[in-house]
Amino acid sequence: MVRTYLSSALLFLGLLFALPGAAQAQILNGKELYRNNCRVCHDTGSPHGRYAPMTLTQDQWRTFFKVKLVPLHKNAVHPKAGCKLLELLTPEQMKAIQRFAIDHAADSEQPATCG
Ligand code: HEC
């Protein structure tokens with residue numbers, strides 16, 4: 001009896017520590033974030049242009065995030081969420097997307113065709 005009690009208490013504690021970590025990893029998964037927040041507007045045939053990580057080189061992505069992202073997207077409304085893209089994503093999430101794009105750019109070791 002005491003034993004069951006103890007192990008469920010341990011399990012509970014374990015979950016308590018494991019869950020926020022998992023949620024955090026999910027939130028900061030650049031590939032998922034790119035798919036859900038960028039590809040929604042930049043898939044094949046999109047009027048806004050098709051952009052995947054390997055569309056640009058690492059330098060072009062760096063420049064994009066530094067100087068183009070905000071002016072080009074300040075009015076962008078996420079098609080599914082219905083709110084402004086730049087207000088939807090936290091700076092950490094945007095960093096994760098940037099990292100994913102640069103890590104899989106045209107001149108990276110693992111270019112990625114789709115987000
Ligand atoms: C609501 C739709 C929408 C979403 C979501 C969106 N974009 Fe865009 N994006 C645009 C529009 C509109 C432009 C301007 C296209 C034009 O000039 O015709 C653009 C332009 C771009 C360009 C081209 C820049 C250049 O050099 O001209 C890139 C690269 C880009 N977006 C990347 C992204 C990334 C990365 C994300 C996710 C963080 C994203 N976009 C999310 C609509 C969107």
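Let me start with how helices α2 and α6 pack in this predicted model, where the two axes lie 8 Å apart and meet at an angle of about 100°. Since angles from 65 to 115 degrees count as roughly perpendicular, that value makes α2 roughly perpendicular to α6. If the way of speaking is new to you, two packed helices are described by the angle between their axes and by the distance between the axes.

Which residues make this contact? From α2 come Gly30, Lys31, Leu33, Tyr34 and Asn37, and from α6 come Gln93, Ala96, Ile97, Arg99, Phe100 and Ala101. Sorted by character, the residues of the contact of α2 with α6 divide into 6 nonpolar, 3 polar and 2 charged. Please look at Ile97 in particular, because, leaving aside residues up to four places away in sequence, Ile97 touches Gly30, Leu33, Tyr34, Asn37 and Cys38.

Several of these names return in the largest nonpolar core, which has 10 residues in all: Leu33, Tyr34, Cys38, Trp61, Ala96, Ile97, Phe100, Ala101, Ile102 and Ala105. Both α2, residues 30-37, and α6, residues 91-103, supply at least two residues of this core, and α6 gives the most, with 5 residues.

Now let me step back to the whole chain. The protein has 6 helices and 0 strands, and of its 115 residues 15% count as buried. Among the contacts with a separation of 6 or more, 72% are accounted for by residues 24 or more positions apart.

One example of two residues that are distant along the chain is the pair Asp59 and Ala105, which are 46 residues apart in sequence and yet 9.0 Å apart in space, from C-alpha to C-alpha. Asp59 itself lies in helix α4, residues 58-73. Is Asp59 buried or exposed? A residue counts as exposed with 12 or fewer other C-beta atoms within 10 Å, and Asp59 has 11, so Asp59 is exposed.

Helix α4 also brings me to my last topic, the ligand. Of the 18 residues around the ligand, those that come nearest are Cys38, Cys41, His48, Tyr51 and Ala76. Helices α3, residues 39-42, and α4 each supply at least two residues of the shell around the ligand, and α4 gives the most, with 4 residues. By character, this shell divides into 11 nonpolar residues, 6 polar and 1 charged. Cys38, then, belongs to the largest nonpolar core and is also among the residues that come nearest to the ligand.

How values were computed: Residues are numbered from 1 along each chain as its sequence is written. This is a predicted model: local features need pLDDT of at least 70, side-chain atom pairs count only at pLDDT 80 or more; totals for chains, interfaces and linings use all residues. A residue is buried if 20 or more other C-beta atoms lie within 10 Å of its own, exposed if 12 or fewer, and partly exposed in between; C-beta atoms are placed from the backbone. A nonpolar core is a set of buried Ala, Val, Leu, Ile, Met, Phe, Trp, Tyr and Cys residues joined through C-beta atoms within 7 Å. Two residues are in contact if their C-beta atoms, placed from the backbone, lie within 7 Å. A residue is near a molecule or strand if its C-beta atom, placed from the backbone, lies within 6 Å of it. Ala, Val, Leu, Ile, Met, Phe, Trp, Tyr, Cys and Pro count as nonpolar, Asp, Glu, Lys and Arg as charged, and the others, Gly among them, as polar. Axes are lines fitted to C-alpha atoms, for helices over the stretch in contact, and angles run from 0 to 180 degrees between N-to-C directions. Angles under 35 degrees count as roughly parallel, over 145 as roughly antiparallel, 65 to 115 as roughly perpendicular and the rest as oblique.
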